[in-house]
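Hello! Here are some friendly notes to read beside the picture. Please keep the viewer open and find each residue as you reach its name.

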Amino acid sequence: MQTETTVERHPFRTHDPALKPVAAKVMAGERLSFDDGLALYRSSDVLAVGWLANRVRERMHGDVTYFNVNRHINPTNVCVASCRLCAFGRKKGDSAGYTMALEEAWETAASGYSEAVTEFHIVGGLHPDLPFEYFMDLVRGLKERFPKVHIKAFTMVEVAYLARRAKLTIEETLRRMREAGVDSMPGGGAEIFAPQVRSVICDHKIDGQEWLDTARLAHKMGFRSNATMLYGHIESDADRVDHILRLREVQDETGGFQTFIPLAFHPENTALDHLPVTTGLTDIRQIAASRLLLDNFAHIKAYWQMMTPKIAQIALRFGADDLDGTVIEEKIYHDAGAKTPQGMTRKELCRLITEAGRVPVERDTLYHAVTRTEDSFLIAV
Ligand code: V47
């Protein structure tokens, strides 16, 4: 599909001497070290960092750029944690708290979009009272009603919380999730693994090691999952590199991560609202550094809801090969002040990709290409 590579069009040049040895490793296909990671974050030549990431991206995927037709479902925003990073969670009894009845969640799954979704993305608060079986019934009901739709549900943080509430081991919890119909797991809750940062932004969540151990176990049981990193708050460059390399280590062992999604912190309505929002260049550099450091991850996602469609489109030339999906109804970022639309159509996503000079490919959650017939554009009820 690709005609001429970036290498042929524009040869590599940089004015940053610290980037030259890193570039030599990238060209030779060698793994980058912690210090190389720091050089990527600290380089004054962000275009050269982007060039390198784009080269790796084109080596792996050519011009192909993935998107999917998905729907987010957030069954409850009631949460026992009080993470400073979060604008979504509400305490039990808060008038802005909500919990969907099961029928309501199943109706939500079918609403608001005219094309058949291939994925439900389900995450929510850590509810103090909802029993484990509520979540399993939710998944079972969705599978009954939408047997062809992939269910990507519950972050590692939710899995660990549900296990604790149900007094089950993590392994048994994952086994029951699979029986109920969960197909894979989203990448949320990873935030930043470094304990000194985690204790400020999300001290009520499982620690970084538990997140990684839960992901490792899920992968060993046959689940695939995603991985995220929340950046643009109080973390240092070293914390970012540490986070990414810890994911790379687990991926070497399991191969179970599908895609890495860097998430920019949105401070509005959070306890950290004194912090500034990230700039476009920080977002772009983050995508590029991730592509270069995560040599064992197949995909880097520029999540348009978080980055804005405009920056996400540019990210497709800086290492990203995936935009995520139609989403339909996003709550977590919009509660934190995101100005992006709540959802996009398939046509709009294709336009963004095509205008970036890339080739759009609709994928399912596991990155198989989706071929649509007339019928498959209709909602599958
Ligand atoms: O874990 C919460 C982040 C995540 C804020 O796996 C915030 O395909 C910015 O993980 N500002 C949830 N970020 C979203 C998530 C995700 C999104 C899209 C695709 C996938 C996938 C996963 O959102 C949380 C946290 O890191 N978050 N609050 C905030 N104020």
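The points below start with the ligand and then visit some single residues.

1. Before anything else, please remember that this is a predicted model. Every value below was computed from that model.

2. Let us begin with the ligand. It sits in the largest pocket. How many residues surround the ligand? There are 23 of them, and the closest are Lys152, Gly187, Gly189, Glu191 and His266. Try picking out those names in the viewer before you read on.

3. What kinds of residues make up this shell? Sorted by class, the shell around the ligand holds 11 nonpolar, 8 polar and 4 charged residues. Some elements of the fold supply at least two shell residues each: strand β6 (224–231), strand β7 (257–264) and helix α15 (332–335). If you colour these elements, you can see how separate stretches of the sequence contribute to the shell.

4. Next come the polar atoms of the ligand. A nitrogen atom of the ligand is 2.9 Å from a polar backbone atom of Leu85. For an oxygen atom of the ligand, a polar backbone atom of Gly188 is 3.3 Å away. Which residue offers a side-chain N or O atom at 2.8 Å from an oxygen atom of the ligand? That residue is Lys301. As for cover, the ligand has 610 Å² of accessible area on its own, and the protein covers 96% of it.

5. Strand β6 deserves a second look, and Tyr231 is a good place to start. Tyr231 lies in this strand. Is Tyr231 buried or exposed? With a relative accessible area of 0%, Tyr231 falls under the 20% cut-off, so Tyr231 counts as buried. Its C-alpha atom is 5.2 Å from that of Ala264, although the two residues are 33 residues apart along the chain.

6. Now for a pair of backbone angles. Phe154 is not a glycine, yet its phi is positive, at about 70°. You will find Phe154 in the loop between β4 (150–153) and α7 (156–166). Its relative accessible area is 1%, so Phe154 is buried. Asn269 is not a glycine either, and its phi is positive too, at about 65°. Asn269 belongs to the loop between β7 and α12 (280–293). Here the relative accessibility is 53%, so Asn269 counts as exposed.

7. The loop between β7 and α12 also holds Phe265 and Ala271. Which label, buried or exposed, suits Phe265? The relative accessible area of Phe265 is 3%, so this residue is buried. Ala271 has a relative accessible area of 51%, and because exposed means over 50%, Ala271 is exposed. Please compare both in the viewer, with the surface switched on.

8. Distances along the chain and distances in space are worth keeping apart. Phe265 and Arg198 are 67 residues apart in sequence, and their C-alpha atoms are 14 Å apart in space. For Ala271 and Ala315, the separation is 44 residues in sequence and 29 Å in space, C-alpha to C-alpha. A further pair is Leu294 and Leu32, which are 262 residues apart along the chain, with 8.8 Å between their C-alpha atoms.

9. Leu294 itself is found in the loop between α12 and β8 (299–300). Is Leu294 buried or exposed? Its relative accessibility is 0%, so Leu294 counts as buried.

10. The last stop is Asp322, in strand β9 (residues 322–325). Asp322 has a relative accessible area of 0%, so this residue is buried. What does the side chain of Asp322 reach at 2.8 Å? The partner is the backbone nitrogen of Asp324. Zoom in on this contact to see a side chain meeting a backbone atom.

Note on methods: Residues numbered from 1 in each chain as written. Predicted model: local features only at pLDDT ≥ 70, side-chain atom pairs only at ≥ 80, totals over all residues. Heavy atoms only, no water. Near = heavy atom within 4 Å. Polar contact = N/O pair within 3.5 Å; in protein donor to acceptor, adjacent residues only side chain to side chain. Areas by Shrake-Rupley, 256 points an atom, 1.4 Å probe, with all protein chains shown as cover. 1 Å grid on protein atoms, 1.4 Å probe; cavity = no way out; pocket = protein on both sides within 12 Å on 5 of 7 lines; lining within 4 Å. Sits in = over half its atoms within 2 Å of the grid points. Helix = DSSP H or I, 4+ residues; strand = E, 2+ residues; numbered from the N terminus. Nonpolar A, V, L, I, M, F, W, Y, C, P; charged D, E, K, R; others polar. Buried < 20%, exposed > 50% of the residue type's maximum accessible area, 1.4 Å probe, protein only.
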